[in-house]
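Subject: Structure handover and notes

Hello,

Here is the structure you asked for, with my notes underneath. Please read them with the model open.

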Amino acid sequence: MMMGLFPIMLVVSATQAMQPIIIKTADMELGLLPRSPDQIISFYEARGFPRSMQDVLRKQCFITTGISNHSNKKIWLDLESWEFHQHGKPIKRYHRNEWKQRWQKMDIPMSKQSTFRWTLIPETLDYLPGEHEGGNVILPFTEGYFSLKATFKTGDDKQGKVITITTDKLYCAEDADEAASEDAK
Amino acid sequence: MKSLISLSAAVFTLLCSTLLATSLFPVPTIAADNAQQIEVPFGIRHYDIGQAKNFSLSDIDGEEFELNSTRGKWVFLHFWASWCGPCREEMPAIQQLADTMQDDLHIVMVNTAEDEDTIFEFLGTIGVELNSLMDSDGLITEEWKPRGLPTSFLIDPQGKVKYQAIGGREWGETLYIDFIDKLIKQSN
């Protein structure tokens, strides 16, 4: 039943050169894995997502995110407190409500909207001791590395210590052929 | 082409779903359930949210099912999707639970937002004999607000939600079988 981040590394290394960024603290673990457009689209295409939806999603930057609570207290996820920056400028993360509105405007079938929502990480969640949950974070496609500063409140009443995790190694994954053509330039 | 898509989907499923709704701590520990004096296994929490929201859905054989029809027995209500890796891993354990508890427990499986062919093929591929309800538009799942997929709830014979499982669990293990068995015996 146990599936950690290690199996992901094995599979990714066999398909694409992408590696997860895994940040561990005494209390928790945060895993971030950029997904290439081909990876994303192959998943949604196999789920029967309409072409119009695929076209929109192909242009975005998907980071599959896993969070594990290794402590004996609640750890609170609130994506509103996550800050993405590049060269001092913020990168605005797409809120799940923005997707809902977009799909509704496009008349996307409810089943596809539902599946899409379940592939996103929740906007907020209280991680219980030992719990691991995850899903995708979606950003506008951004070239080059960018940073994340993620803060987590702790304790039942959110009054415990605040955990701050930072990385400046995030990036949006490209398809292998795109990356190769960039390298050739 | 179809096999290529299937392979891609399988790879992505493995990649993505390992991050979804599963525990990194499979070693069970015990917490005391003061209210009922039944030990609650690790990965299951009290979830007293009152009366279970009734719903009516068709299963993959086209039979209509209403949750309220299960009154009088404990219910194991499970939300899942074929693309979710932990859901796939958990299925044999649920089959074991179903085999073990047989007449004493209602196993109610709800697939989230997939079509009949996908569900049928998936259940056949992993070799379980479980039927599943089809929440085709995903709205029943939304109403139940699972923390992720998979999620399981335990509902008492009066139709009240009592427990929620966090992520996938080894339901066929003695620890969980004994827990559910005690719940059933206590309510008899």
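In what sense do S6(B) and S7(B) pair, and over how many bridges? The two strands run parallel, and seven bridges connect them. Please keep in mind that this is a predicted model. I begin with chain B and turn to chain A at the end.

Chain B in outline

Chain B contains five helices and 10 strands. It has 188 residues, of which 44% count as buried. Among its contacts with a separation of 6 or more, 75% are between residues 24 or more positions apart.

Strand S7(B) and its partners

Within the pairing of S6(B) and S7(B), Phe79(B) stands opposite Val110(B). Between these two strands the chain passes through H2(B), and the resulting β-α-β crossover is right-handed.

S7(B) also pairs with S8(B), residues 133–135, again in the parallel sense, here over three bridges. Thr112(B) of S7(B) has Asp135(B) of S8(B) opposite. The connection from S7(B) to S8(B) goes through helix H3(B), residues 116–125, and this β-α-β crossover is right-handed.

How many of the eight residues of S7(B) are buried? The count is eight of eight. In a regular strand, side chains alternate between the two faces of the sheet. For S7(B), one side carries Leu105(B), Ile107(B), Met109(B) and Asn111(B), the other carries His106(B), Val108(B), Val110(B) and Thr112(B), and both sides are covered.

Helix H3(B)

The buried residues in H3(B) include Ile119(B), Phe122(B) and Leu123(B). Viewed down the axis of H3(B), its buried residues lie within an arc of 95°, so they line one face of the helix. An α-helix has 3.6 residues a turn, so residues three or four places apart point the same way. The cover over the buried residues of H3(B) includes S7(B) and S8(B). On the face turned away from the buried side are the exposed residues Asp117(B), Glu121(B), Gly124(B) and Thr125(B). Just after H3(B), Gly127(B) adopts a positive phi of about 70°.

Helix H5(B)

H5(B) covers residues 174–187, which is 14 residues. From first C-alpha to last it reaches 20 Å, close to the 20 Å expected at 1.5 Å a residue.

Which residues of H5(B) are buried? They are Tyr176(B), Phe179(B), Ile180(B) and Leu183(B). Seen down the axis of H5(B), the buried residues fall within an arc of 90°, so they line one face of the helix. The face turned away from them carries Thr174(B) and Lys185(B), which are exposed.

Several elements of chain B cover the buried residues of H5(B), including strands S2 (40–41), S6 (74–80), S7 (105–112) and S9 (151–155) and helix H2 (85–101). Both S6(B) and S7(B), the parallel pair from the opening question, are thus among the elements that cover this helix.

The loop before H5(B)

Gly167(B) sits in the loop between S10(B), residues 160–165, and H5(B). Is Gly167(B) buried or exposed? Gly167(B) counts as buried because 28 C-beta neighbours lie inside 10 Å, where the cut-off is 20 or more. Its C-alpha is 9.4 Å from that of Glu90(B), although the two residues are 77 apart in sequence. Glu90(B) falls in the residue range of H2(B), 85–101.

The sheet in chain A

In chain A, four strands form an open sheet in the order S1-S2-S3-S8, with antiparallel pairing. S1(A), residues 21–24, and S8(A), residues 132–140, are at the edges with a single partner strand each, so one side of each has no neighbour in the sheet. From one strand to the next, the twist averages 20°.

S1(A) and S2(A) run antiparallel and are joined by four bridges, with Ile23(A) opposite Leu30(A). The hairpin that joins S1(A) to S2(A) does so through three residues. S2(A), residues 28–35, is in turn joined to S3(A), residues 60–69, by eight bridges, and this pair is antiparallel. Met28(A) stands opposite Asn69(A) there.

Regards

Conventions:
Residues numbered from 1 in each chain as written. Chains lettered and ligands numbered in written order. Predicted model: local features only at pLDDT ≥ 70, side-chain atom pairs only at ≥ 80, totals over all residues. Expected span 1.5 Å × (residues − 1). Buried ≥ 20, exposed ≤ 12 C-beta atoms within 10 Å, placed from the backbone. Arc of directions from axis to C-beta. Contact = placed C-beta atoms within 7 Å. Pairing = 2+ DSSP bridges. Right-handed = clockwise from strand over helix to strand, strands pointing away. Axes fitted to C-alpha atoms, helices over the stretch in contact; angles between N-to-C directions.
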